[in-house]
Amino acid sequence: DDLESLGYMLLYLYNGSLPWQGYCGDDKNMQVCETKGRLTVDVMCRGSPEALQYYLAYVRQLKFEEEPNYEYLLLVLDSNRGMRMIKKLLEEKDVARKKARRNASRVALKKSDDDGDGDGDGDEDDDDREDGEGSGEGGGDGGEGSAAVGSKRKRDSSGGGASRAVGSGKAESTAALVTPPGVSRRTVVTPKRIKTHQWVIISTSSRTGNSPHTQCYTSHTTYANLAKEVERKWSQGMRITSLNFAGSMWTAVLNAQNSGYSEQALHYCPDSEFPRDWVRKKWDDGFFITSVGGNENCWGVVCSTMVRGRKYKQQSYIVSATFPSKWVSEKWAAGYFITAIATQGCFQQQWCVVMSRGAPFKDQCVELDFGYPSESIHYRWDENYMVTAVACTTDQSAYVMSRGHCFGEEQRCTRTSHGPLHKIREDWNDLLYVSALAWGRVG
């Protein structure tokens, strides 16, 4: 935190201001926090020295208990040789990456001659949790920055002696740019130029009676087409368990059995205002909100009547410009638990959080992050929590984790840049069924 604050101070001294200055009101701290998480380093440091970008990129990715490489930070801020040294290290990193790819290609070619070969999709990441432990597997291109999914990416902090200049062939550059002890090409953290947004698919095992025996996923470019398909599925006895909007597509997940819902009503509100009057009417008729979805300028709400033994006692919801942490904490103290969550809007985004009394949970927490909180999710999995709801804006993600009815089940969290159907089918083949779905920022 101190090193990051120092970077912001240097940015302030250079520019005369910071992007989050001028906020006021009760939620000032939350607005500042959201702005810091939303802005990428290159946007935050636009017009500032490039060295400041590399400094902030490094300190912002440090873990809380990780010891910083002070020699590298001093090198970055060295106006005489800092960026020249960084460029040299990046050249070495690029050469090493190309060499590793060539070696991997030779190995793959040799293997294909003997056994046949296979490939992986570098855009997909799976995190698996089974019986309290997290493990995972995924594909990558084998280059720098790829890692086994579900495990923490390791950095080389062992250092070593001076590095050799690669590809320059200039005696004066080699003499002037001697790598400091403890600094290697792996130390360099390149500032991210783009934000990463993907589908997040939460799948849970069918070991308990809460999981469906059959499940259906449907997606349509218009809400009207989705509503027609949903009505057809309702006539077959299926019920909506998840409603989402992303990438110009309305999507719904429906369960044929063990959904816990008797009747359902689907409402479309072509406005940024949440349909409060319709929800109140449904509450009076004995319905409860069971799923919510939103896009740039409208809401979709699913209300259901519930079977005996699963019926909520009371329900409340809030629509807020920021995640309503204080309201959620007050409701937790009153015996409520989050049962549905969604986001809506493009530039002025809103959170909708639905909380119910009588939900089958004993404890609950929310992992709120500006990316995918892999370590936090694995830690909660080890504590017998399960992801029961997820929602993402273009800047933030919220993972609701609960424990109570889902002890010992297997759960998988998959992130993919493609449409979710092919990953959902893989989960179905593994007897995992979709329990939550969202699109938004994961990195």
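Start your tour by selecting Gly335: this residue follows helix H10 and has a positive phi, near 90°. Helices here (H or I, at least four residues) and strands (E, at least two) are DSSP runs, numbered from the N terminus. Before moving on, note that this is a predicted model, in which local features need pLDDT of at least 70, side-chain atom pairs count only at pLDDT 80 or more, and totals for chains, interfaces and linings use all residues. Residues are numbered from 1 along each chain as its sequence is written, and side-chain values use heavy atoms, with hydrogens and water left out.

**Stop 1: helix H10 and its cover**

Now select H10 itself, residues 325-333. Which of its residues are buried? They are Trp327, Val328 and Lys331. Buried means under 20% relative accessible area, exposed means over 50%, and partly exposed is in between (1.4 Å probe, protein chains only). These three buried residues sit on the same side of H10, because they cover an arc of only 100° around the axis. That arc is taken from the directions from the helix axis to the C-beta atoms. Turn the helix to the face away from its buried side, and you will find the exposed residues Lys326 and Ala333.

What lies over the buried residues? The cover includes strand E10 (314-320), strand E11 (336-344) and strand E12 (350-357). Pick Ser316, which lies in E10. Ser316 is buried, with a relative accessible area of 15%. Leaving aside neighbours within four places in sequence, its contacts (heavy atoms within 4.5 Å) include Trp327 and Lys331, along with Tyr336 and Val353.

**Stop 2: the cores**

Next, select Tyr54, Leu56, Val59, Tyr72 and Ile86. They are the residues with the most contacts inside the largest nonpolar core, which has 30 residues. A nonpolar core is a set of buried Ala, Val, Leu, Ile, Met, Phe, Trp, Tyr and Cys residues joined through side-chain atoms within 4.5 Å. Helices H1 (2-15), H3 (41-44), H4 (50-60), H5 (70-76) and H6 (82-114) each supply at least two residues of this core. The largest share, 8 residues, comes from H4.

Stay with Leu56 for a moment. Beyond its neighbours within four places in sequence, Leu56 is in contact with Glu4, Gly7, Tyr8, Val41, Met44 and Cys45. Apart from this core lies another one, of 17 residues, among them Phe274, Trp299, Cys303 and Tyr317.

**Stop 3: a patch on the surface**

Go back to helix H1, where you can pick Met9. Is Met9 buried or partly exposed? Met9 is partly exposed, with a relative accessible area of 46%. Add Leu6, Tyr12 and Leu13 to your selection: together with Met9, they make a nonpolar surface patch of about 400 Å². Patches are made of residues with over 30% relative accessible area and no salt bridge; like charges are joined within 9 Å, and nonpolar side chains (Val, Leu, Ile, Met, Phe, Trp, Tyr) within 5 Å.

**Stop 4: salt bridges**

How many salt bridges does the structure hold? There are 11, each being a side-chain nitrogen of Lys or Arg within 4 Å of a carboxyl oxygen of Asp or Glu. Select Glu50 and Lys87, whose side chains meet in one of them (3.1 Å, N to O). Glu50 lies in H4 and Lys87 in H6, so this pair ties together parts that are 37 residues apart in sequence. Glu50 is partly exposed at 31% relative accessibility, and Lys87 is partly exposed at 36%.

Then look at Glu229 and Arg232, which form a salt bridge with their closest N and O atoms 2.7 Å apart. They are 3 residues apart in helix H8 (residues 223-235), so about one helical turn separates them. Glu229 counts as buried at 16% relative accessibility, whereas Arg232 is partly exposed at 40%. Add Lys233 to see a network of salt bridges linking it with Glu229 and Arg232.

**Last stop: helix H12**

Finish at helix H12 (residues 421-429), whose buried residues are Lys423, Ile424 and Asp427. Why are they on the same side of H12? They cover an arc of only 100° around the axis, which puts them there. Just after H12, select Leu431, which takes a positive phi of about 60°.

Terms used. Areas by Shrake-Rupley, 256 points an atom, 1.4 Å probe, with all protein chains shown as cover.
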